[in-house]
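Student: I should like to learn how the surroundings of a bound ligand are read from a model. Please begin with the contacts.

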Amino acid sequence: MSKPIHSPYRLPAGGWGSARSVGNILRREGVLGSAPVALSRHNKVDGYQCNSCAWVKPATPLPFEYCENGVKAVAWEITAHRCTPDFFSKHTVTELRGWDEYALEQAGRLTHPMRYDAGSDKYVPVSWGEAVDDIAHTLRAVEDKKNGAVFYSSGRLSNEGSYLYGLFARLYGNNNLPDSSNMCHETTSVALPVSIGQGVGTVSLNDLAKADCFLFFGQNPGSNSPRMLHPLQEASRRGARIITYNPLRERGLERFLNPQSPAEMLSGKGTRISSQYHQVKAGGDLAALAGICKAVLATHDEAVSAGGAPVLDLDFLAVHTHGFETFANWLRARNWDELERRSGLHRAEMESTAAVYCRSNKVIGIYGMGLTQHRAGVETVQMLVNLLLMRGNIGREGAGICPVRGHSNVQGQRTVGITERPELFPLDRIARQFEFEPPREAGYNTVEACEAILDGKVDVFFMLGGNFVRAIPDHGRMEPAWRKLGLTVNVITKLNRSALLPGAKSYILPVIGRIEADRTAAGPQALSMEDTSGCVHGNRGVRSPASPHLISEIRLICEIARKTLEPNPRVRWTEYETDYAEIRKEIAETLPEIFWDYERRMWEPGGFQRDMPVNRREWKTETGRANFVTPDALEEDLDMPASGYDVLRLMTLRSNDQFNTTVYGYDDRFRGIKNTRKVVLMNRSDIDRLGLRVGQAVTLRTVAEDGIDRHLSGMLVVAYDIPIGCIGGYYPECNVLMPIWHYAVGSKTPAAKSIPVTIHSDGDAVLEPQLDYEAV
Ligand SMILES: Nc1nc2c(c(=O)[nH]1)N[C@H]1C(S)=C(S)[C@@H](COP(=O)(O)OP(=O)(O)OC[C@H]3O[C@@H](n4cnc5c(=O)[nH]c(N)nc54)[C@H](O)[C@@H]3O)O[C@H]1N2
Ligand SMILES: Nc1nc2c(c(=O)[nH]1)N[C@H]1C(S)=C(S)[C@@H](COP(=O)(O)OP(=O)(O)OC[C@H]3O[C@@H](n4cnc5c(=O)[nH]c(N)nc54)[C@H](O)[C@@H]3O)O[C@H]1N2
Ligand SMILES: [Mo]
């Protein structure tokens with residue numbers, strides 16, 4: 001591989017860089033000729049829904065309603081490369097564990113069901129019938145049904161598949177339904193119901209088109225939801241203010257050049273996105289938001305005492321909210337010194353945001369992993385809602401709260417019953433509908449599932465999509481514990497590390513993807529998905545499946561369920577398996593308020609938006625109003641040692657060339673890093689202070705008092721524009737550093753954006769710079 005390079009990127013996001021990158025990836029996957037046919041159905045009514053992010057799919061799509069990273073995700077699925085039984089016969093599992101993520105997935109789409117053979121340490125072909133029989137038999141034999149089996153899913157799974165999977169787990173006897181959102185927006189699902197009485201965002205594309213101010217906290221649209229840059233570009237052009245809080249200066253939040261606009265491409269200039277950019281300390285948002293709220297309150301107090309108009313929306317506060325007085329008193333008691341110290345910002349910065357906020361009439365708060373993956377994540381999200389509530393910016397057009405969901409159906413999956421928390425799904429209704437007594441005790445979320453595995457309580461781990469072992473924290477502890485499981489089932493489309501850590505028994509069960517045509521005896525079948533704005537869309541695959549031996553996720557669930565469970569005439573697995581409309585009927589019976597007339601409405605342009613009581617200013621909270629939540633403290637991270645000059649706070653980040661644990665390549669174009677992912681982004685003064693040099697190799701070591709050594713060596717030091725005391729590294733490589741108990745209070749979302757670490761030189765041998773720095 002070529003030598004690692006760091007060379008700052010000065011061009012806008014999008015633009016020619018994006019166009020070039022798309023061409024390269026289509027060529028590499030061998031689909032340059034055939035991809036355009038598939039892409040013409042991308043995010044279209046009666047086409048398929050992008051399998052990359054969950055960003056909103058508009059009613060009137062652009063002719064090319066896709067982005068650079070959407071194309072990468074499509075090319076990744078429709079690739080010409082195949083990972084066949086022949087491949088597995090050539091490599092032992094031990095050997096494959098030495099490959100990196102990129103190489104593993106480059107092997108291509110999995111073509112056959114495979115069983116791990118411990119004798120030869122290889123995966124060998126198995127028939128679907130044998131695999132299903134053995135899995136069902138093993139599941140039935142589990143003695144402790146409540147603890148012994150876990151049913152994980154990743155947020156790509158359709159509504160139909162998710163509903164059946166949840167039903168299967170509950171008929172089996174537990175709510176052990178951890179999913180990727182436990183590592184992601186679980187913080188949102190815990191924070192928002194308390195604040196506003198609904199666990200999903202309130203904002204639609206129409207609101208984005210009307211807002212005059214956007215507050216952007218810890219989300220990186222340039223890489224992770226690039227189609228969002230179109231409404232943001234439009235907003236910036238109409239004079240709306242976009243204010244960003246992010247420790248890093250992310251390119252997509254600075255400038256965007258629309259690669260689909262010939263005029264812009266020729267001019268090469270692009271549009272400025274953020275009008276204010278504040279490089280808050282990692283985890284400093286709670287203090288920063290409190291500071292903005294404090295400044296808004298002070299502006300109000302001054303205006304009123306000078307006889308002017310109130311700045312707060314007093315009618316809204318009186319009629320619709322609860323807890324404002326307590327919150328206001330708490331704000332008045334905060335001192336600016338503490339707010340500045342904790343946020344790493346100047347008071348004037350928070351005041352300048354407050355000034356714009358007070359002048360704006362329709363404000364949207366947008367956030368992502370930069371808020372949710374922190375110890376104080378729940379309070380931080382609630383503080384952003386507090387700020388919006390102060391001027392009535394929730395429940396009216398052009399305003400609201402917008403958590404940007406990650407996986408393309410992670411939100412829908414939760415809606416239709418993938419949750420370990422019994423209170424989030426109407427168990428009484430499925431009890432009546434299917435005449436059984438569902439388990440009422442909470443199941444395991446992701447962190448709890450890991451703890452149960454470490455405790456040896458789990459026998460069977462069923463992984464429906466995703467790459468659990470790579471996505472979770474604490475690899476050094478989890479990987480050996482994983483090997484002790486009795487059975488691991490990997491329902492995946494490409495080879496990943498989870499499958500290379502077999503338990504006593506292990507299967508790889510490859511399935512068709514959503515871009516592929518799903519045909520049953522009843523004819524072509526459709527699926528459905530919910531985007532981040534709560535709109536549900538139909539999905540029809542357009543390509544032939546990667547291999548004739550693949551089956552659908554739905555058929556697999558139905559077959560395993562039928563063989564595992566006692567027959568129940570109310571649960572019609574055979575009909576669900578052939579006609580997915582039958583599954584949608586069941587979903588609509590369980591959740592009629594969302595899914596009435598499901599079969600028709602999912603094909604409406606733009607999908608159908610689920611009912612949002614908040615947008616009628618109906619608050620389904622305990623107080624019947626929107627709640628101001630006053631935090632106990634402003635402490636951003638209880639696990640961070642209070643003193644310790646040399647302890648840095650590590651944020652684990654996504655590059656522009658990955659989708660979660662899937663690594664598309666080794667370049668992070670927007671951050672100017674080429675040919676490597678083993679970097680640590682540091683402020684120059686931290687580099688000097690710790691006696692390090694740019695380009696040298698270092699070891700990161702977690703600071704924790706549990707006696708476990710967690711470290712990662714061979715990381716190259718990159719001088720970067722990042723706040724002092726904070727460093728950045730890539731996920732999933734850095735997950736080995738993250739203790740399993742380091743999570744957000746209340747939601748147990750791993751605190752992946754604030755890991756306390758120290759840095760040590762890897763010694764004289766590697767003191768020579770390993771990385772070229774190209775100043776441009
Ligand atoms: N191409 C691509 N698209 C994706 C994904 C992908 O991996 N690749 N993943 C999908 C998934 S599952 C998800 S959840 C989303 C994730 O999308 P994002 O929510 O954007 O997640 P990250 O890239 O992890 O980090 C978000 C941003 O938070 C900033 N940040 C870190 N710490 C802090 C902090 O303390 N405060 C603030 N204010 N900012 C902070 C980082 O600098 C970064 O810009 O994207 C989805 N879309
Ligand atoms: N340190 C750190 N850790 C993190 C994060 C972080 O920011 N920092 N982010 C967290 C977040 S937000 C998330 S969402 C999780 C992601 O956790 P997961 O969702 O578990 O991981 P992915 O990498 O998205 O899963 C990729 C695998 O999914 C399989 N796959 C792809 N498409 C399909 C399909 O259509 N069907 C099936 N059955 N399988 C398919 C492929 O085999 C591929 O290898 O990671 C979390 N972990
Ligand atoms: Mo996510």
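Student: How far is an oxygen atom of ligand 2 from an N or O atom in the side chain of Arg654?

Tutor: A polar contact is a pair of N or O atoms within 3.5 Å; within protein, one must be able to donate a hydrogen and the other to accept it, and residues adjacent in sequence count only if both atoms are side-chain atoms. Here the polar contact between an oxygen atom of ligand 2 and the side chain of Arg654 spans 3.0 Å. Taken alone, ligand 2 exposes 930 Å², of which the protein buries 96%; such accessible areas come from the Shrake-Rupley method with a 1.4 Å probe, and for residues only the protein chains shown count as cover. The side chain of Gln373 has an N or O atom 3.2 Å from an oxygen atom of ligand 2, while a backbone N or O atom of Val491 is 3.0 Å from a nitrogen atom of the ligand.

Student: On what basis are these values given?

Tutor: This is a predicted model, in which local features need pLDDT of at least 70 and side-chain atom pairs count only at pLDDT 80 or more, whereas totals for chains, interfaces and linings use all residues. Side-chain values use heavy atoms, with hydrogens and water left out, residues are numbered from 1 along each chain as its sequence is written, and chains are lettered from A and ligands numbered from 1 in the order in which they are written.

Student: Which residues come nearest to ligand 2?

Tutor: A residue is near a molecule if one of its heavy atoms lies within 4 Å of it. Around ligand 2 there are 32 residues, and Glu105, Tyr152, Glu553, Thr661 and Asn735 come nearest.

Student: Why does ligand 2 lie between domain 1 and domain 3?

Tutor: Domain bounds come from an automatic or database domain assignment. Because domain 1 (82–183 + 409–614) and domain 3 (648–765) both give residues to its shell, ligand 2 lies between them.

Student: Which domains each supply at least three residues to the shell around ligand 1?

Tutor: They are domain 2 (186–403) and domain 3 (648–765). The shell of ligand 1 holds 30 residues, with Glu250, Gly283, Asp285, His374 and Gln658 the closest.

Student: Which backbone atoms lie beside ligand 1?

Tutor: A nitrogen atom of ligand 1 is 2.7 Å from a backbone N or O atom of Gln658, and for Ser223 the corresponding distance is 3.0 Å. A backbone N or O atom of Met369 lies 2.9 Å from an oxygen atom of ligand 1. By itself ligand 1 exposes 910 Å², and the protein buries 99% of that.
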